[in-house]
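This report covers core packing, one helix pair and selected residues of a single chain. The sequence and coordinates come first.

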Amino acid sequence: MNTSDFDIIKDNGRYLLIINEKYYEINEVTYTIFLEVKEGHTFDEISKLLYQKYDITSTPEELQKSITDIVTPLLKKEKVHNLSFMWYKVDLLFPKHYKKIADALRFLIKPYIFWPVLVLFLLFNLYKLAFLPQHDMGGEYCTDTLGVYFVTYLCLFFILIIHELGHVTATQFFKQKTYSIGFGLYLIFPVFYADVTNVWALSRYKRVVVNLGGIFFQSILGVLLFCCYTYIDLNDNIRYILHNVFIINGITMLVNLFPFFKFDGYWLYSDLFNLPNLSKKYQMCIRFWMKKIIWPLSSFFIEDERKYMNPYNPPLIIYSVLKVGVNIMLALAIINFLGTYINTFGSILKVENMDACSILKLIYKFAILTLLMIYFTKLLKTLYKTVRSKIY
């Protein structure tokens, strides 16, 4: 093992091991061992230090083996910036494409600009979104307004890129390296993403700013959209597009603040309450309390949950309870969605002379159903492997 194969960081009580530009949180003892190795001390010297400092008895051979067992598998991992919660992704923009823009906008992340603008503009957007009057173009969908809707949905991609630009701008403001901006599928949702893996080296406050960077940029965009839509004399088509884009921008901000999927709200909750690996801790917390309440099921669950999380942590308990409720409601909504759509297929297919509107609706419904089936297949496979591992 070469000391250049890894790096370590200590920051505000957090200990991070960096291998292949990936960040792994470690405890203080492990950090001390890696630090001593990095500084060129022998394992015999490290063994004596551990005994003196932590009253830990370990032979030099055992220490060397433990470090090798940690580092070797991580070195073998392909050096990619993998976003595991996505089952499909493709990189679209790289730092050479957006760095100049991000550098020009970095001044917005200064605290005396960032926080007042974020709070005021976000509240403005949400208030106007709640009380925005309807804007009716008239005419029939797929005839008079098809082009307007097409342009509106194209603008959605522009909004999402602006959002990710906010993340990379905040990351660069804190002098951390950024990587690609790309497109992917999260569960069944089309999303853009920014690979800002290096934010794990930042303090909790700075990570919170990066988490909110996308919504911050969207809140500014929302104010600009509203002003254009309200105060500039425009023709009906453009006004209608801006009206719809403002609504979409506001909805995507709300979705990103939702903490129960791995969007910005998830990472924000995780960082605010110091709950790294929140999804894993949530699963362990649920298993712990199920084992407490439903004792016959205890054989299905691991015995050492409390080694990895505190099941009595109030933010974790609140998150876990709400997450279970959201999952139940989501499952019911998807079942209802599938039933409704499957029932409508027959009525659509019975129409002898389908117009362009009917064909587009049919394609849309089949596309949504296909994505749902792909997601459910992956979910069932994961569930099967989990249950099988517990039984066997």
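The text below treats the nonpolar cores, then a helix pair, then two single residues.

The model is predicted, so local features need pLDDT of at least 70 and side-chain atom pairs count only at pLDDT 80 or more, while totals for chains, interfaces and linings use all residues. Residues are numbered from 1 along each chain as its sequence is written, and side-chain values use heavy atoms, with hydrogens and water left out.

**Nonpolar cores**

A nonpolar core is a set of buried Ala, Val, Leu, Ile, Met, Phe, Trp, Tyr and Cys residues joined through side-chain atoms within 4.5 Å. Buried means under 20% relative accessible area, exposed over 50%, and partly exposed in between (1.4 Å probe, protein chains only). The largest such core has 40 residues, and Ile109, Phe114, Val168, Val210, Phe216 and Phe217 have the most contacts inside it. Two or more residues each come from α4 (95-105), α5 (111-130), α6 (146-173), β6 (189-194), α7 (204-231) and α8 (236-257). Helices (H or I, at least four residues) and strands (E, at least two) are DSSP runs, numbered from the N terminus. With eleven residues, α7 gives the largest share of this core. A second, separate core has 17 residues, including Ile26, Val37, Ile46 and Ile67.

**Helices α5 and α7**

The axes of α5 and α7 come within 8 Å and cross at roughly 50°. Axes here are lines fitted to C-alpha atoms, for helices over the stretch in contact, and angles run from 0 to 180 degrees between N-to-C directions. The two helices α5 and α7 are therefore oblique to each other; angles under 35 degrees count as roughly parallel, over 145 as roughly antiparallel, 65 to 115 as roughly perpendicular and the rest as oblique. Residues of α5 that meet α7 include Phe114, Trp115 and Phe121, and those on the α7 side include Val209, Leu212 and Phe216. The residues of this contact divide into 17 nonpolar, four polar and one charged. Ala, Val, Leu, Ile, Met, Phe, Trp, Tyr, Cys and Pro count as nonpolar, Asp, Glu, Lys and Arg as charged, and the others, Gly among them, as polar.

**Single residues**

The table gives the helix and relative accessible area of two residues.

| Residue | Helix | Relative accessible area |
|---|---|---|
| Serine 320 | α11 (residues 314-349) | 2%, buried |
| Tyrosine 54 | α2 (residues 43-54) | 21%, partly exposed |

Contact means heavy atoms within 4.5 Å. Leaving aside neighbours within four places in sequence, serine 320 is in contact with Tyr282, Cys285 and Ile286. On the same basis, tyrosine 54 touches Glu28, Val29, Thr32 and Leu49.
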